[in-house]
Amino acid sequence: MQIIRNFSRKLLKHQYLCSPKVSCLYFSTAKDASKELPLAPGYQPKLVEEAYWEREKRQSDLPKSKSGACKRGTYRMLLPPPNVTGNLHLGHALMATVQDVIARERRQMGYEVDWVPGTDHAGIATQVVVERTIAAAQGKTRQEIGRQAFLDEVWRWKADKGTGIVQDLRKLGCTLNWEREYFTMDEKQAHAVNVAFERLFDEGLIVRRNSLINWSSSLRSAISDIEVDLVDIKAPMEIAVPGYERNVLFGRIYDFAYRVVDGETLPDGSAEEILVSTTRPETILGDVAVAVHPLDPRYSKYRNREEVKLQHPFRNETIPLIFDIAVDQEFGTGAVKITPAHDKFDFEVATRHKLTPCQVFTESGHVMETHSEFQGKPRFEARELIVNKLEEMNLLREVRAHSMQLPICSRSKDIIEYMIQPQWFLKCKDLAKDALSELYSGRLQIQPPSFETEWERWLLDSRDWCISRQLWWGHQVPAYQVTASANGTSHWVAALSEEAARRKAKQLVGSDEFTLTRDPDVLDTWFSSSLLPFSVAGWPDESYKERYPLDLMQTGHDILFFWVARMMMMGLKLTGEAPFQRILLNGIVCDAQGRKMSKSLGNIVAPQQVVQGASLESLKAGLEQSCEAGIIKPEELRTSTAGLTKMFPNGIQECGTDALRFTLMSHNIKSHFISFDVNACHTNKLFLNKIWQAMRFTMGSAKGLGVALQDFESLNGVNLGMWDRWILGRLAETLSIVCESFINYNFHVATAALKTFFYQNLCDTYLETTKAAISNREESAYIHVGTLTACLSWGLQAMSPFTPFVASELLQHVPMKVEINLSAFRDQKLEDEVNEMVNICQSVRQVKSRNEISKRHHPHLTLFAQNAESQDILRRHLPQIKVLTRCEAVDLELMDEKANISEKQNFFSTAGALCSFGITVSEDVGVTAEKREEMHQANVKKLRKLVTELQKYRLRLDNEAFQLMANKDTKLHFENKVSRITFSFYLFV
């Protein structure tokens, strides 16, 4: 037995500076403590996680140590605040897991991690949910109960429902700094929001003006672009619209005529007219012009006229024909109506041509009283009336199918109406330039780099940001309208309180004679979110500098502009320093088929359903609870239930938190879309059980040898065998890959390396080769157990950021700092040799599996070495080959090209350049014609591969330039390759 004790604990190349804290408390195995091993027979996620939390509780109760802690500085992150409205979904779980993995790895490296949690008040989302709840419980609208009563209901709802998402984050194992938890509507955040608004207003960057915005008639509020879903309509289809008893038909285009004033009389006696195409005939009431492209030959005759007037069909006035290069000649008839009050494109055209907009609809989506014929009609009912009227007036020419994009409010499902409304806007042009300069200077790094182009595209085209919303839930705009009593003139001031606003108003008006009215609107949720990196640090108090800026901003790529770029703009403007210099973006989580998760498909899975498992009945019950809470609508409940039943007919198996985390991190998070498969989670649970069983084997082996695992403190100076050195080399490479993956945020590479090491290298290969020596208590058994201990200790420490619960449980049983110079075991020649043996064993097992050869057939393996050198290599590994191929005996022969080996074997195949092999069995194995054909095809495939390789190497050897330039060793290497391949080739032929 060779165990070297060394208490100096030297830091090694791949050793972590600060090891994870583990207190020995085997709660998950308490019932097994009296048995042979203090470790349960199998991995049980629920019990392991309960034990973890108990250990964490006991650890937190211990006095905090002030000395001996290794510190490399502070590492700061901010968790993107999930909406307070619901529970954690898989998108949140991905972001939280990514950041927790980073946080745990940073702590291992000696950093003090300050990772700040919080939740967002989610203005529109929360208001919609609470309105549905009130309507279901009381049968009233928010307008009927009043603003203050409604806000009281929201706060009650938040107190009742808002803790769910925090609990989900804790269950996920997130090591957040809960002492700094915030809510975007708490007192500190509200103060920061008001100060920011006031400063930007006083500097002239926030202004109030009439402009075209996204308007939800159902919410009666402006909404942001991110809350608008553009739905592609390929053919006419009916869509349910809030407030309408019948579905509304979309996907049609209407051609109608505008008659030219004082135009020609055509040969058939009809008046001269211009045909106009539109998908929105209800907005004809607000047309202020008709536009055509100046180069469109169909309208060239009007180019030289001083003016062309068209008679409006419903207003007793004329509108002009204008020419604009932005008009798409291929759209419809090439002539388009210009309705600037209800269309983005038209608004820009009208601005260029100085046309005055004419509004058609009220805030509720009804026709305004100025259009008396259709006054008070809902907009889509007015559409039918207007089309019928055009037909009566002989102006309707054609109605046909037409593909289009329909803007829909993601919250209310209402059709967006573009409206001109007085709103607060933040001027973003100069702020965007500053944010761009961070990228151009190289100070800002974005991963993946492809999104640098997106960053540039958004900011180069940055427009003024509409920051006001006509809601009740949110930060009320800290702006007051000052109306002078003397002349009735109005001004706006921004202030932190009404008292401060009065002082500003008095200075502005010059007297006390004025009225002061606070704007009832609230600020866009993204406005308060854009301040978070410094507002959660304490801004505007100067103490914020101690916790600002962040080291990393990690979030989904879909909010790169809406949130991340705005944080950069606001941080630079209000603090003079970038809030972060590194951005990591993850993709959107989809289901296993790559479909976006949605209520209609019923494929939305909650993380805790994967962790704990869920029957189909409980999944359905969860949907019903969401419906009762107002989160989903009754009609969505039906489609969600149908989709859920199809996706999970047998429910979801329990996987545990570690398996969920490991599965999420097994994807390339930087991909645009991430396809999440619940079945992969269960597979990873079985993988973790494999590690669990390896620990049980190691503990049992140590007990059988009469040693304790904690005695293995160093492997330096120990006379290790070839396979011991090989597995330690694999460990060294794995730890190196894991370290590199954290630098590049390629976590999927780390999880793949860890899975390969534990599953294939350690459990399926090395551990199997140690069983005979350990069982026979040979001298090498102690070395094998020490090697297993080192692999489990260092491997689990590398696994712990990804799977903290099971790693914490298992690391209690092994020493945390097994001293070993891992770099000394990086031996490529040895690795190639052992890998060759493993490949040979896999080839043998494949032949056995294909032919259903089992232990009862007493398989006998014969290896046919290509030459004496190959024979020597194979001889060194015969005991391991016997174990890994599961054969009763293994013989080794040297075989030349003339040997007739096929007669001696029941089954024969090649296993690479070193050897071929044959298998004899004690009794006949029934081989069907289909299986014989399968074997034949497999050999044909190998033969083709050999021919290809042989041609490649011979081509190189026959090359004159190669013969002149290659050294002696290189030529010999290629000649040996050709010789080995030729030998294998003749065996087949």
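This passage describes the confidence, overall make-up, nonpolar cores and selected local features of a predicted model of a single chain.

The mean pLDDT of the chain is 87, and 90% of the residues reach a score of at least 70. Confidence is not even along the chain. Helix α14 (residues 532–535) has the highest mean, at 98, whereas helix α30 (residues 968–988) has the lowest, at 64. Two stretches stay under a pLDDT of 50. Over residues 1–19, the model has 55 contacts beyond four places in sequence. Over residues 21–25, there are twelve such contacts.

The chain holds 30 helices and 33 strands. Of its 989 residues, 52% are buried. Among contacts with a separation of 6 or more, 79% are between residues 24 or more positions apart. The accessible surface of the chain is about 45400 Å², and carbon and sulfur atoms account for 48% of this area.

The largest nonpolar core contains 140 residues, and Phe747, Phe758 and Leu863 have the most contacts inside it. Helix α23 (residues 779–799) supplies the largest share of this core, with twelve residues. Another core lies apart from it and has 60 residues, including Ile206, Leu459, Leu532 and Phe561. In the larger of these sets, phenylalanine 747 is one of the residues with the most contacts. Beyond its neighbours within four places in sequence, phenylalanine 747 touches Val98, Val101, Ile102, Leu584, Met665, Ile669, Ser741, Phe742 and Phe802.

The loop that precedes helix α22 (747–775) and follows helix α21 (722–744) contains tyrosine 745. The phi of tyrosine 745 is positive, near 60°, although the residue is not glycine. Most residues other than glycine have a negative phi. Tyrosine 745 has a relative accessible area of 8%, under the 20% limit, and is therefore buried. A second residue with a positive phi, arginine 886, has a value of about 55° and is likewise not a glycine. Arginine 886 is placed in the loop between α27 (878–885) and β31 (889–894). With a relative accessible area of 57%, arginine 886 counts as exposed because this value is over 50%.

Cis peptide bonds were also examined. Most peptide bonds are trans. The bond from glutamine 447 to proline 448 is cis, with omega near 0°, and proline 448 sits in the loop between β19 (445–447) and α11 (451–460). Tyrosine 548 and proline 549 are likewise joined by a cis peptide bond, with omega of about 5°. Proline 549 belongs to the loop between α14 and β26 (553–556).

Helix α3 (residues 123–138) was compared with the span expected for its number of residues. Its 16 residues should span 22 Å at 1.5 Å a residue, and the distance of 22 Å between the end C-alpha atoms therefore agrees. The buried residues of α3 are Gly123, Ile124, Ala125, Thr126, Gln127, Val128, Val129, Val130 and Ile134. Among the elements that cover these buried residues are α4 (142–145), α5 (147–161), β6 (221–222) and α13 (525–529). Just after the helix, glycine 139 has a positive phi of about 70°.

Helix α20 (residues 678–705) includes asparagine 684. The relative accessibility of asparagine 684 is 4%, so the residue counts as buried. Outside its neighbours within four places in sequence, asparagine 684 is in contact with Ala659, Phe662, Thr663, Ser666 and Lys755.

Cysteine pairing was searched for across the whole structure, and zero disulfides were found. Cysteine 681 is in no disulfide: its nearest cysteine sulfur belongs to cysteine 655 and is 5.0 Å away, whereas a disulfide requires sulfur atoms within 2.5 Å. Cysteine 681 has 0% relative accessibility and so counts as buried. Cysteine 409, also at 0% relative accessibility, is buried as well.

Notes. Residues are numbered from 1 along each chain as its sequence is written. This is a predicted model: local features need pLDDT of at least 70, side-chain atom pairs count only at pLDDT 80 or more; totals for chains, interfaces and linings use all residues. Side-chain values use heavy atoms; hydrogens and water are left out. Buried means under 20% relative accessible area, exposed over 50%, partly exposed in between (1.4 Å probe, protein chains only). pLDDT is the predictor's confidence in each residue, from 0 to 100. Helices (H or I, at least four residues) and strands (E, at least two) are DSSP runs, numbered from the N terminus. Contact means heavy atoms within 4.5 Å. Accessible areas come from the Shrake-Rupley method with a 1.4 Å probe; for residues, only the protein chains shown count as cover. A nonpolar core is a set of buried Ala, Val, Leu, Ile, Met, Phe, Trp, Tyr and Cys residues joined through side-chain atoms within 4.5 Å. The expected span of a helix is 1.5 Å times one less than its number of residues.
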